[in-house]
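Work through the exercises below with the sequence and the structure open. Each task is followed by a solution in steps.

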Amino acid sequence: MTFLEIHDVHKHYGDHHVLQGVTLEVARHEVVCLIGASGSGKSTLLRCINALEPIQQGEISVDGDVVSGQGVDVNRLRRNVGMVFQSYNLFPHMSVLRNVTLAPVKVGGVPKAEAEERALALLDRVGMRDKAHAYPDALSGGQQQRVAIVRALVSNPQVLLLDEITAALDPELVGDVLAIVRELAQDGLTMLLATHEMGFAREVASQVCFLHEGRILERGAPAQIFEDPHEERTRQFLSRVIASGRL
Amino acid sequence: MNDTLTGSARSAEGARATPTPPRPVLPVAVLALLVAVVCAGAAALALWSLHQMLGNPAAWVVALLAALAVTALLPVVPAVRAFGHARSRARLLAENRMAAARHEAATGREHAHTAMGYALAVLICAGLIWFATANDGAITETFLRWEFLKSSFADVLAAFVVNVEVAIGAQLLVLVVGLLVAVMRLLPGRAGRPLRWLAIAYVDTFRAIPSIIVLYLVGFGLKLAEVPVFRDLSPIWLAILALTLTYSAYVAEVYRAGIESIHPSQWAAARSLGLSYGMTLRTVIVPQAVRRIVPPLLNDFIGLQKDTALIGVMGVTDAFTQSRLTASNVFNLTPVIVVAVLFVIITIPQARFVDRLLTKEQSRTGRSS
């Protein structure tokens, strides 16, 4: 059953037509990887799904409810749709624990003690429990990103959007973060990832979409996309990735 | 491409044959000694004229003046040392020990520069002493007379309490009003447009009007027009109101700069967690902005404190008014100097407090400065 439905979405920044009619269905428990060159619209698509960017045309629905357009309670939508960013975006003036409990306490109405208990349990799962009272600037990039994932997960979102979450990390820290995402995929969390980690995409994705100039040019099972791409553009993109040693 | 890269590397290797010679020391050492001696001489003259002005000073004062004169001679020491290094440099150069000669040259020049730096500071101090003793000490007589300082201090200090009251009252109000105006100015969308315009109009107007005029108009105008509530306010409250009007306009702009300096990704992160616009502003954006604007905020607060010296125009007896009164009675400006010193004394602890606050915040969040 389709859980997240994106239908003919168009997005303009002024004259720049970033998304030119994107259509995509995601079923529950699916992991969809968005690949493509920088500027192909991967990040924009993710930001449109949780309404950080308004769309000019088309429709997005989550769990049968239309969430694009005017009058939607975006704050409620966003509690169902978690997001993790490339540059972590932790709040530097708050401890790790406050970063994680802010949304459940302030928006979800969860009692502070209960929220902290849940936050600590999740931080424990990603190996960050002992840093609960540290501040983000005292952490490495990989540690910050693990906290950011916990922050997005603590409100039990139904779908998680991951926007190139390892792109800003030192190579030796990427593995820790990907291990967490792999675990979440095994738990059956529905996820959309924009990523440059082709090996990882191939391993965890149920569906891979190749974006080119604001369109999904090709989509299919990872084996098909990586081994037998139908489109010339996909083939070119993948051969450049292979040449750079990332696959 | 590859060819030219290796080609230029090869030619660079070929150019390595002649080592860098040590820089000269002797000319700069001579200059340093000259400057040090001239400045010490100027200081001696200034101290001598101070001695003359004091008439027949006590023995300990004479000793102090002598000690100062000796201190003024201290820059000669590094200048002389520079000569020693100049000699070793020449010897090492003759032995063709390039690296050691370069090291000596650098040390020698460093000493010469130190001598000149300290000597110029001595010269400036000598100038100030000379200025104070000029005209047979008339300047000191006019600004600093111990008996007037003693007689006016209590009155001026008592009146200074008014300045402090007005400053603190206005500062507290400015913190709140300034933030409200800044947030108004940043309201999004069509609905926020009229409020944005009002905020801009307010800032443009009150930042432009000299605060002395605002004080005058508020102090007399509201009473003259018998405006309800305001006509019953004490002059001190009217002064607080007037300074709040002026300084909220400045501080609103400081807040706005702080809020706009927070990276949009912080907004995105907070909104993606389901926080509303207002909640994001309150819990994520403004707390970070406030930490950034503390130093410029202190600037404006010090400006506000100083402008409390203007509230005399609305008939409040503050420290400056009081000191002028006393000054015109005794025909001497010492009481006014007392007010000036009081303003300095209350400002310095605030500056140090802000420094400490920032250092503490940095060590708490693990950020290196």
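**Exercise 1. State how strands β1 and β2 of chain A pair, and place them in their sheet.**

Step 1. Strand β1 (residues 2-13) and strand β2 (residues 16-27) of chain A are antiparallel and share 9 bridges. Strands here are DSSP runs of E with at least two residues, helices are runs of H or I with at least four, and both are numbered from the N terminus. Two strands pair if DSSP finds at least two bridges between them.

Step 2. Two bridge partners can be read off: H12(A) is opposite H17(A) in β2(A), and H10(A) has Q20(A) as its partner in β2(A).

Step 3. The two strands form a hairpin with 2 residues between them, and G14(A) in the turn has a positive phi of about 60°.

Step 4. The sheet is open and antiparallel, with 4 strands in the order β2-β1-β4-β5 (chain A). Its edge strands, each paired on one side only, are β2 and β5 (65-66) of chain A.

Step 5. Helix α1(A) lies across β1, β2 and β4 (57-62) of chain A, at about 115° to β1(A). Such angles run from 0 to 180 degrees between N-to-C directions, with axes as lines fitted to C-alpha atoms, for helices over the stretch in contact.

This is a predicted model, in which local features need pLDDT of at least 70 and side-chain atom pairs count only at pLDDT 80 or more, while totals for chains, interfaces and linings use all residues. Residues are numbered from 1 along each chain as its sequence is written, chains are lettered from A and ligands numbered from 1 in the order in which they are written, and side-chain values use heavy atoms, with hydrogens and water left out.

**Exercise 2. Describe the 6-stranded sheet of chain A and the helices that pack on it.**

Step 1. The strand order is β6-β7-β8-β3-β9-β10 (chain A), in an open sheet with mixed pairing. The edges are β6 (81-84) and β10 (215-220) of chain A, each pairing on one side only. With direction ignored, neighbouring strands are turned by 20° against each other on average.

Step 2. Strand β3 (residues 31-35) and strand β8 (residues 190-194) of chain A run parallel and are joined by 4 bridges. Within this pair, L34(A) stands opposite A194(A) in β8(A).

Step 3. Helix α6 (residues 171-186) of chain A packs on this sheet and touches β3, β7 and β8 of chain A, its direction making about 145° with that of β8(A). Touching is contact, meaning heavy atoms within 4.5 Å.

Step 4. Helix α1 (residues 42-49) of chain A lies across β3, β6, β7 (159-163), β8 and β9 (207-212) of chain A, at about 150° to β7(A).

**Exercise 3. Determine how the buried residues of α6(A) are arranged and what covers them.**

Step 1. The 16 residues of α6(A) reach 23 Å from first C-alpha to last, close to the 22 Å expected at 1.5 Å a residue. The expected span is 1.5 Å times one less than the number of residues.

Step 2. The buried residues are L173(A), V174(A), V177(A), L178(A), I180(A), V181(A), L184(A) and A185(A). Buried means under 20% relative accessible area, exposed over 50%, and partly exposed in between (1.4 Å probe, protein chains only).

Step 3. Down the axis of α6(A), the buried residues fall within an arc of 150°, so they line one face of the helix. The arc is that of the directions from the helix axis to the C-beta atoms.

Step 4. E172(A) and Q186(A), on the other side of α6(A), are exposed.

Step 5. The cover over the buried residues includes β3, α4 (112-125), α5, β7, β8 and α7 (198-204) of chain A. After the helix comes G188(A), with a positive phi near 90°.

**Exercise 4. Carry out the analysis for α4(A), then locate Q144(A).**

Step 1. The 14 residues of α4(A) should span 20 Å at 1.5 Å a residue, and the end C-alpha atoms are 20 Å apart, which agrees.

Step 2. A115(A), A119(A), L120(A), L122(A) and L123(A) are buried. They lie within an arc of 165° seen down the axis of α4(A), so they line one face of the helix. On the other side, A113(A) and E117(A) are exposed.

Step 3. The cover over the buried residues of α4(A) includes α3 (96-106) and α5 of chain A.

Step 4. Q144(A) is in helix α5 (residues 141-153) of chain A and is buried, with a relative accessible area of 13%. Leaving aside neighbours within four places in sequence, Q144(A) contacts Y88(A), L90(A), P136(A) and L139(A).
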